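Visitor: I would like a close look at a single part of this structure, taken slowly and in its surroundings. Please begin once the model is in front of us.

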Amino acid sequence: MLKRRLIFAVLLLITVVSCKKNPDLSRLSSAFVVQTTRDKQADFRSFATYYISDTIFYVSNAASQDTFIAGPAANAIVGEIKRQMNNRGYTFIGRPNRPDILLDVIAVRQVNTGVIWPPGWWWGFPGGPVICDFWGCWPVWNPMPPTTFQYSVGDVIVEFFDVKNAPITGKLQYAWLAQLSGVLSSTDATNVNRTVSGIQEAFAQSPYIQK
Amino acid sequence: MKKLFILFGILLISATATQAQLLHNMYGVSWEVSFPVGKSFVSSPSFLGGKFDYRHFIKRNISLGVTLGWNNYEEYVSRETYENADQTQAVTTDNQRFIFNLPMTVDGFYYFEYGKHIRPFIGLGLGAQYSSQAAYFNIFLIEDKNWGFVARPQIGAYIPFSEYNHNGFLLAAGYNFATNKNESFRINNMQSFWVSIGIGFTN
């Protein structure tokens, strides 16, 4: 009797745990998750000038020889960073002129591939296909071909280095770091637009970046 | 002879009615709707909840038993910026928040007399609550699972289907306090008011 009650209790627990709902993720946006980190010791008001390259470092596990991004995509992203920095009171100068801040942008693209193997659940299922021979009828093992899928996730990292104090501290230390992360679209223009919006949000959440 | 049948019938009805007051066991299954209160990670109510309970009557007006319940809370939170305590890190995203609770309690109930058959009751359940809290954003997930102590004071009523059918409706309302904690989501405890409607099977 006790054993029967115990089995019943376990079955009941399994039933209740299976009542856990699957979350509805349909409303989640594809916009990048925007994170920023600051060095609390950094005095952003002490900086006056900055430099940023018009190309973007590129790292990917996809088959590509490219190690940087240039052209319209890079111009849009770097241009937005320049616009934000100018609005905060900093001045862009050439690298040989020893800027106080060095900014760089790194794009990371990770391509993930998966395979769905159909389970072949109809093995022996009534009504399924059969082959009959002298000894009887046998279900056909006729699995569907596996399906492959691919998606890309990416990060855009903006590094803000304190060059001004590097000779004093002996370290090239970042004062601010922004990271935009999320699933990538198959369209470059969409990814660029998401990156530009993400950069705007990164600066919006960092009001301390101000000359 | 006819009078004898009527007398026998009256005696039988009286006996059954008396039996209805002397329950031995009750097995309940209920639908539960729960409304979070206090500083809650998810503020939307849970409509996908329920409970199974067993009550054994040790006296005419007192039962002891166990309850196994569950609740699913879910809420979409539009794009917002969150900062850590020392304001050195910030993150901006929208997110889908989700909590699954599984309270397991040992219960005691005291029943009052109301009319012939309705049995209002007050009760208290004490036990443990398993909880899983999650935030989904873009393709990312932060999830934590924890256990806490739970207390469930409640009031309700057991209403038999009829004078002769001891099975009946189980109506209840109560408060749920659990000590589950989650630092990532700044959860210090979990509180909710709940109402439930169900069916109690008796023997």
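Visitor: Is the crossing of H2(A) and H4(A) left-handed or right-handed? Please set the answer within an account of helix H2 of chain A as a whole.

Guide: The crossing of H2(A) and H4(A) is right-handed, and, since this is a predicted model, everything that follows describes computed coordinates. The axes of the two helices come within 10 Å and cross at roughly 10 degrees; as angles under 35 degrees count as roughly parallel, H2(A) and H4(A) are therefore roughly parallel to each other. On the H2(A) side of this pairing the residues involved are A:Ala73, A:Ala76, A:Ile77, A:Glu80, A:Ile81 and A:Gln84, and they meet A:Asp188, A:Val192, A:Thr195, A:Val196, A:Ile199, A:Gln200 and A:Phe203 in H4(A).

To place H2(A) in its chain, chain A has 4 helices and 10 strands, which follow one another along the sequence as α-β-β-β-β-α-β-β-β-β-β-α-β-α. Of the contacts in chain A with a separation of 6 or more, 75% join residues 24 or more positions apart, and buried residues make up 22% of its 211 residues.

H2(A) itself runs over residues 72–87, and its 16 residues reach 22 Å from the first C-alpha to the last, close to the 22 Å expected at 1.5 Å a residue. Within this helix A:Ile77, A:Val78, A:Ile81 and A:Met85 are buried. These four cover an arc of only 90 degrees around the axis, which puts them on the same side of H2(A). As a general matter, an α-helix has 3.6 residues a turn, so residues three or four places apart point the same way. The face turned away from the buried side of H2(A) carries the exposed residues A:Pro72 and A:Asn87.

The partners of the buried residues are not confined to H4(A), at residues 188–204, for they also pack against four strands of chain A, namely S2 (49–52), S3 (56–60), S6 (101–116) and S9 (147–162). Two of the residues named above, A:Ile77 and A:Ile81, are thus buried in H2(A) and are also among those that meet H4(A). After the helix comes A:Gly89, whose phi is positive, near 100 degrees.

Beyond the helix, there is also the boundary with the other chain to consider: 26 residues of chain A are in contact with 25 residues of chain B. Helix H1 (2–17), strand S1 (33–38) and strand S10 (173–183) of chain A each supply at least two residues of the side that touches chain B, and S1(A) gives the most to that side, with 6 residues.

Methods. Residues numbered from 1 in each chain as written. Chains lettered and ligands numbered in written order. Predicted model: local features only at pLDDT ≥ 70, side-chain atom pairs only at ≥ 80, totals over all residues. Buried ≥ 20, exposed ≤ 12 C-beta atoms within 10 Å, placed from the backbone. Contact = placed C-beta atoms within 7 Å. Expected span 1.5 Å × (residues − 1). Arc of directions from axis to C-beta. Axes fitted to C-alpha atoms, helices over the stretch in contact; angles between N-to-C directions. Parallel < 35°, antiparallel > 145°, perpendicular 65-115°, else oblique. Left-handed = near helix turned anticlockwise from the far one by under 90°.
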